[in-house]
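Biologist: Before we turn to particulars, please set out the terms as they arise. I shall then put my questions one at a time.

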Amino acid sequence: MSNNKIQSGSYDVTDLTSLEKLEPVRIRPGMYIGSTGSKGLHHCVWEILDNAIDEISNGYGDKATVVLNKDKSVTIIDNGRGVPTGIHPIKKKSGVEMVFTELHTGGKFNNKNYKTSGGLHGVGAAVVNALSKWLEVEVYQNGNIYRQRFENAMDKELKKVMPGTAITTLEVVGKTKLTGTKVTFMPDKDVFTNTEFKFDIIDERLKELAFQNKGVRLEFVDRRKDEEVVKEYFSENGLLDFISYLNESKTAIHELPIFFEGERMVDNIQMYGEVCLQFTDSTTEYIASYVNNIPTTEAGTHESGFKTGMTRSFKEWAKKLNLIKEKDKEFEGDDLREGMTAIVRIKITNPVFEGQTKTKLGNNEAYTMMNDLAYTKFSEWIEDNKEVATMIINNALDAAARREKIKKINEAEKKKIGKGTAPLAGKIAVCTLKDKNVNEFIVVEGDSAGGSAKQARDRRFQTIMPSKGKIMNTEKQKLENVLASEELKIFNTAVGTGTLDNYKEEDLKYDKIIIMSDADVDGYHIRTLWMTYIYRYMRPLIANGHLYLAQPPLYKVYKMGKNADNAIYAYSDDELEKGKKKIGKGALIQRFKGLGEMNPEQLWETTLNPATRTLVQVTIEDAAKAEKMVSLLMGDVVEPRKNYMYKYAEF
């Protein structure tokens with residue numbers, strides 16, 4: 001378009017662009033898989049795996065396998081019925097070609113073939129195809145092996161290169177007694193920032209799926225290294241095994257977990273709910289929620305209904321057991337759930353997710369169902385377990401009393417701020433810009449490094465907060481102690497969002513929160529303490545992509561004399577060796593023992609300058625794994641932590 005046309009403001013039919021077939025997915029991949037980073041890459045595996053699990057959940061097949069291949073492709077196999085191979089009477093294409101090349105094509109738009117399913121929009125398989133360099137499908141059906149291959153190739157109809165184009169027809173390539181589907185795809189490097197699948201992420205997802213589908217065998221094979229790794233996942237007791245796994249690093253205050261399940265029909269929608277929970281001596285709650293095996297990390301109506309029904313039941317019984325008098329102040333749901341680990345899952349015939357990545361359920365029927373189920377089942381459980389219920393209610397009343405105490409502390413802090421005595425004065429170096437879309441808040445380990453960082457920073461958009469050292473381990477502290485911490489008050493006031501249920505994303509003053517610590521054991525501990533606090537008290541900062549770790553260099557490789565300006569900063573031992581080779585004979589090495597050893601110019605160039613620095617974004621790839629790891633590394637139970645450290649000592 002010419003500059004004249006832009007200036008004239010004209011807009012006509014020639015400005016319209018029509019995207020064909022799978023082109024929309026390539027143009028806007030984030031709409032379909034959330035991101036083109038690690039999360040989106042693994043989401044492609046989940047899309048195909050969810051289809052396999054849907055078959056198993058609906059009674060077809062009992063095993064699914066994920067294989068990471070040497071060529072960096074991934075294969076997902078199930079022993080279900082197989083994708084339909086027949087020719088569609090109207091489309092004149094095989095079912096396989098339709099499923100993998102057309103958006104909104106699938107067998108889950110009615111309830112004829114699937115009572116419940118995780119894949120609802122009929123786009124998952126086609127999206128994965130669109131974002132792959134190539135994809136190959138094998139279907140085992142009718143005694144035959146069918147195969148079809150798709151690539152980024154010339155589309156004969158459109159006469160242009162299109163993603164996910166069928167380069168073969170669906171061919172019979174052999175005979176078999178098996179049934180099922182095998183999908184192999186190669187993620188496209190032109191789409192994803194990194195195409196390396198992470199073993200731990202897939203391992204954790206398969207563990208969760210095994211816990212949710214008791215009696216089903218899942219297998220994970222990693223063939224990328226010389227020695228093949230094979231893991232199997234099987235759970236005999238389902239959610240009871242899951243709760244033990246999640247609470248391995250916590251101390252339960254009652255031995256037997258609370259478990260219940262039930263079915264309900266609401267507005268002609270059939271639903272099945274299942275809940276397992278256990279109270280621990282932790283000061284925080286954790287709920288893992290799922291819909292049709294899909295982790296709903298942003299919760300939704302099923303989780304809200306569970307919370308409401310649970311609170312209603314315990315409040316009624318608190319009065320029946322004379323633990324609350326008429327004039328006493330009642331506890332709230334947050335007080336009741338303090339220290340609770342819970343798994344809430346629902347199977348529903350017509351789930352309505354908010355967004356294709358299915359992180360939040362929107363069905364009002366699910367709220368009604370889980371509210372009723374939780375209220376009824378908890379009431380029955382309390383009737384039979386009055387002693388444990390009394391302990392839980394008393395803990396909730398204690399938590400309510402602490403909440404009132406905390407409220408008074410917060411009100412006192414607000415009054416200080418109103419009088420101009422906010423805890424920020426003289427503690428941090430605030431940036432001059434007011435643009436929260438570009439501003440950065442950088443927590444720096446130590447006063448010395450903090451002083452250098454204040455000099456080195458770009459004052460326009462970088463705010464520096466020197467940290468005195470190690471903040472408290474908030475995993476082990478009661479809420480009132482955490483909120484009374486002066487250093488955490490400074491951080492909270494500066495960031496602006498509030499904590500826990502008072503968190504408000506719209507009040508966030510910075511786009512990036514960066515933890516900058518030394519590259520040594522103490523520095524890693526400081527990082528872990530800050531990440532633990534943010535995970536427990538400001539989790540949306542991580543979920544919404546605002547938390548980063550700075551990567552200071554370990555070495556400076558340089559040469560004296562006229563080549564002194566050609567210094568190379570190395571962030572690992574491998575980079576050090578490469579730097580020495582590049583500098584050549586006479587290379588000198590400076591080892592940075594900490595941020596404080598760098599002058600402001602070096603700190604800017606290596607760690608603060610957006611053009612040259614390296615930042616690592618902290619993500620919650622899997623909420624259940626993150627919860628378990630925080631408890632394991634920072635909690636009181638020693639044995640699981642010791643076992644973990646022995647296992648990963650070299651790392």
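Modeller: Contact means heavy atoms within 4.5 Å. Axes are lines fitted to C-alpha atoms, for helices over the stretch in contact, and angles run from 0 to 180 degrees between N-to-C directions. Helices (H or I, at least four residues) and strands (E, at least two) are DSSP runs, numbered from the N terminus. The model is predicted: local features need pLDDT of at least 70 and side-chain atom pairs pLDDT 80 or more, while totals for chains, interfaces and linings use all residues. Residues are numbered from 1 along each chain as its sequence is written, and side-chain values use heavy atoms, with hydrogens and water left out.

Biologist: At about what angle does helix α19 run to β17?

Modeller: Helix α19 comprises residues 600-608. This helix lies across β15, β16, β17 and β18. Its angle to β17 is about 120°.

Biologist: Which strands stand at the edges of the open sheet of five strands?

Modeller: Two strands pair if DSSP finds at least two bridges between them. The order in this open sheet is β16-β15-β17-β18-β22, with mixed pairing. Each edge strand has a single partner, so one side of each is left without a neighbour in the sheet. The edge strands are β16 (462-467) and β22 (615-617).

Biologist: How many bridges join β15 to β16?

Modeller: Strand β15 covers residues 440-445 and runs parallel to β16. Within this pairing, Val-444 stands opposite Pro-466. The number of bridges joining the two strands is six.

Biologist: At about what angle does α16 run to β18?

Modeller: Helix α16 (residues 521-537) has 17 residues and reaches 24 Å from its first C-alpha to its last. That span is close to the 24 Å expected at 1.5 Å a residue, where the expected span is 1.5 Å times one less than the number of residues. The helix lies across β15, β16, β17 (512-516) and β18 (547-550), and its angle to β18 is about 175°.

Biologist: Which helix gives the largest share of the largest nonpolar core?

Modeller: A nonpolar core is a set of buried Ala, Val, Leu, Ile, Met, Phe, Trp, Tyr and Cys residues joined through side-chain atoms within 4.5 Å. Buried means under 20% relative accessible area, exposed over 50%, and partly exposed in between (1.4 Å probe, protein chains only). The largest core has 47 residues, and Leu-49 is among the members that touch the most others. Nine residues, the largest share, come from helix α4 (residues 38-57).

Biologist: What is the relative accessibility of Val-45?

Modeller: Val-45 is in helix α4. Not counting residues up to four places away in sequence, Val-45 touches Val-66, Val-74, Ile-76, Phe-185 and Phe-197. Val-45 counts as buried because its relative accessibility is 0%.

Biologist: Is Asn-292 buried or exposed?

Modeller: Asn-292 lies in the loop between β12 (286-291) and β13 (294-295). Its phi is near 50°, a positive value in a residue other than glycine. With a relative accessible area of 2%, Asn-292 is buried.

Biologist: Is Asn-268 buried or exposed?

Modeller: Asn-268 is in the loop between β10 (258-266) and β11 (269-279). Although not a glycine, Asn-268 has a positive phi of about 65°. With a relative accessible area of 74%, Asn-268 is exposed.

Biologist: What does the count of disulfides come to?

Modeller: A disulfide is taken as a pair of cysteine sulfur atoms within 2.5 Å. By this rule the count is zero.
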